[in-house]
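Opened my notebook for a quick pass through this one. I'll jot down what I looked up, entry by entry.

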Amino acid sequence: MSKQETKIANDIESYLREHENKQLLRFITCGSVDDGKSTLIGRLLHDSKMIFEDQLAAIKNDTKKSGTTGEEFDLALLVDGLASEREQGITIDVAYRYFATDKRKFIIADTPGHEQYTRNMATGASTADLAIILIDARYGVQTQTRRHSFITKLLGIKHLVIAINKMDLVDFREERYEEIKKDYLEFAKELGLTSDLTLIPMSALKGDNVVNISEKSPWYKGKTLMDTLETIEISSDRDLTHFRLPVQYVNRPNLDFRGFCGTISSGIINVGDSVTVLPSGKSSTVKEIVTYDGNLQSAYAQQAITLTLNDEIDISRGDILVKSDEQPDQASDLDVNIVWMDEEPLTKGKQYFFKRASTVVTGSIDSFYHKTDVNTLEEQSVSKLDLNEIGFARLSLNQSIAFDPYDHIKAMGSFIIIDRITNNTVGAGMIVKKSEQTSKKVINEHSEFEVEFNALVRKHFPHWEAKEIL
């Protein structure tokens with residue numbers, strides 16, 4: 001029986017309290033097809049004793065039928081659950097797995113490697129703190145390695161682990177590791193990657209340097225993958241300076257209580273702090289910070305809270321509460337990166353719903369600056385975005401919203417695009433900055449209105465001059 005199982009058996013309540021207070025790390029695995037992503041996750045779960053006996057028995061049986069490792073125990077089957085994934089030996093959909101160690105809780109997103117599933121990879125990466133990019137030691141840095149590195153940079157993942165896998169197939173040669181390391185660092189510099197980088201030689205199939213240090217690579221003096229995941233510092237990734245609370249619900253159980261509920265996206269709030277509501281600009285001070293466990297004097301990012309204010313001001317779902325001296329920018333014309341996820345292309349002018357946190361507004365793409373070829377990273381002129389394509393565009397909303405750039409505060413700079421007819425989510429985007437171009441939308445709308453108005457006046461009131469009325 002493992003140490004964790006002993007704790008559960010002896011004192012389940014103590015274990016649950018301890019588990020609840022552990023820090024959560026979300027991470028993704030990505031890389032080329034057959035680089036060993038699913039096998040790596042299976043190895044992490046297996047060697048950290050997080051697989052139940054009935055699961056092990058099922059995987060042993062499935063290995064004989066669907067395994068791709070010969071006589072070896074196929075740990076990838078722990079993650080690849082779809083029949084089509086097992087038939088082809090690839091990952092198609094994003095698979096989420098949960099496990100914990102004595103130090104941390106983890107949520108893993110196993111993302112697909114194929115270019116046609118770029119949208120799936122972007123979905124898995126959108127909430128990740130860390131990305132593990134696998135490289136097959138036999139082939140080195142590949143096109144898909146570059147593509148996934150670009151997407152992790154686009155989505156603002158601050159920590160990267162480059163897992164140089166299948167080192168057992170190159171006899172754990174140090175010179176091969178150093179060669180791949182050199183190639184990747186040169187590419188990272190070219191891409192402008194500013195993420196925290198860690199490179200680890202390993203064999204996911206054999207378990208070398210995954211959870212346990214390997215004797216086959218005495219020249220490697222770094223940490224194992226598990227040790228890296230348990231100790232990497234992510235608390236400083238949160239913005240504790242700029243307070244942002246998207247209002248999700250207005251709680252009015254009786255005449256004496258009116259609270260504004262939401263999860264703090266960033267920053268810290270204290271009782272007595274002056275806050276401003278956006279977009280209205282009305283201000284008040286915090287009266288109470290209410291939570292399920294009782295009232296607090298202070299609250300910080302990721303906490304779900306209800307705020308009450310000392311003044312009765314109009315606040316509704318979709319508004320943003322901020323500290324009065326730390327206000328974000330507001331604009332209706334924005335420069336954005338977009339990952340398109342629908343079979344029908346994204347074109348200029350078509351109206352969609354744009355949902356950022358709890359705020360929903362209508363708008364359209366005014367113009368495309370370029371799209372990025374995710375394989376070559378080349379920027380190309382474009383008039384539309386097709387399925388799985390990534391582009392940089394100018395978004396024109398029908399009303400201003402409060403925002404922060406995505407690379408500053410994710411929740412305030414990210415949005416999804418919803419089709420107004422089908423209500424399907426068709427794209428995802430990241431706000432880069434306020435657009436510097438002057439909007440032509442209002443001018444054009446006024447011009448069209450004036451033409452129509454003049455035509456009506458001439459038709460029905462030929463003796464009037466339209467300009468006099470306007």
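What covers the buried residues of α3? Before answering, a reminder to myself that I'm working from a predicted model.

**Entry: helix α3.** I pulled up α3, residues 37–47, and found it mostly covered, with 10 of its 11 residues buried. The buried set is K37, S38, T39, L40, I41, G42, R43, L44, L45 and D47. As for the cover, I listed strands β1 (23–31), β2 (95–100), β3 (104–110) and β4 (130–136), and also helix α9 (225–231), as part of it.

**Entry: α7 against α8.** Next I checked how α7 (residues 143–154) sits relative to α8 (residues 174–191). Their axes come within 11 Å and cross at roughly 45°. That angle makes α7 oblique to α8, because oblique takes in what lies between the under-35-degree parallel class and the 65 to 115 perpendicular one. I noted the crossing of α7 and α8 as right-handed. On the α7 side the contact is made by T145, R146, S149, F150 and K153, and on the α8 side by Y184, F187 and L191. Sorted by class, I get four nonpolar, two polar and two charged residues in this contact. The spacing on each helix made me recall that an α-helix has 3.6 residues a turn, so residues three or four places apart point the same way.

**Entry: S195.** This serine is in the loop between α8 and β6 (196–201). Is S195 buried or exposed? I have it as buried, since its relative accessible area is 13% and the cut-off is under 20%. I then looked for a partner for its side chain: S195 reaches the backbone oxygen of I157 at 2.8 Å. Leaving out residues up to four places away in sequence, S195 touches I157, K158, H159 and L160.

**Entry: backbone oddities.** General background for this one: most residues other than glycine have a negative phi, and most peptide bonds are trans. So I went looking for exceptions.

- F172 has a positive phi, near 50°, though it isn't a glycine. I found F172 in the loop between β5 (159–165) and α8, and it is buried at 5% relative accessible area.
- N388 is another non-glycine with positive phi, near 75°. N388 lies in the loop between β21 (384–385) and β22 (390–403), and is buried too, with a relative accessible area of 10%.
- The peptide bond from L278 to P279 is cis, omega near 15°. I placed P279 in the loop between β11 (274–278) and β12 (283–290).

Methods:
Residues are numbered from 1 along each chain as its sequence is written. This is a predicted model: local features need pLDDT of at least 70, side-chain atom pairs count only at pLDDT 80 or more; totals for chains, interfaces and linings use all residues. Side-chain values use heavy atoms; hydrogens and water are left out. Axes are lines fitted to C-alpha atoms, for helices over the stretch in contact, and angles run from 0 to 180 degrees between N-to-C directions. Helices (H or I, at least four residues) and strands (E, at least two) are DSSP runs, numbered from the N terminus. Angles under 35 degrees count as roughly parallel, over 145 as roughly antiparallel, 65 to 115 as roughly perpendicular and the rest as oblique. A crossing is left-handed if the near helix is turned anticlockwise from the far one by less than a right angle, and right-handed if clockwise. Contact means heavy atoms within 4.5 Å. Ala, Val, Leu, Ile, Met, Phe, Trp, Tyr, Cys and Pro count as nonpolar, Asp, Glu, Lys and Arg as charged, and the others, Gly among them, as polar. Buried means under 20% relative accessible area, exposed over 50%, partly exposed in between (1.4 Å probe, protein chains only). A polar contact is a pair of N or O atoms within 3.5 Å; within protein, one must be able to donate a hydrogen and the other to accept it, and residues adjacent in sequence count only if both atoms are side-chain atoms.
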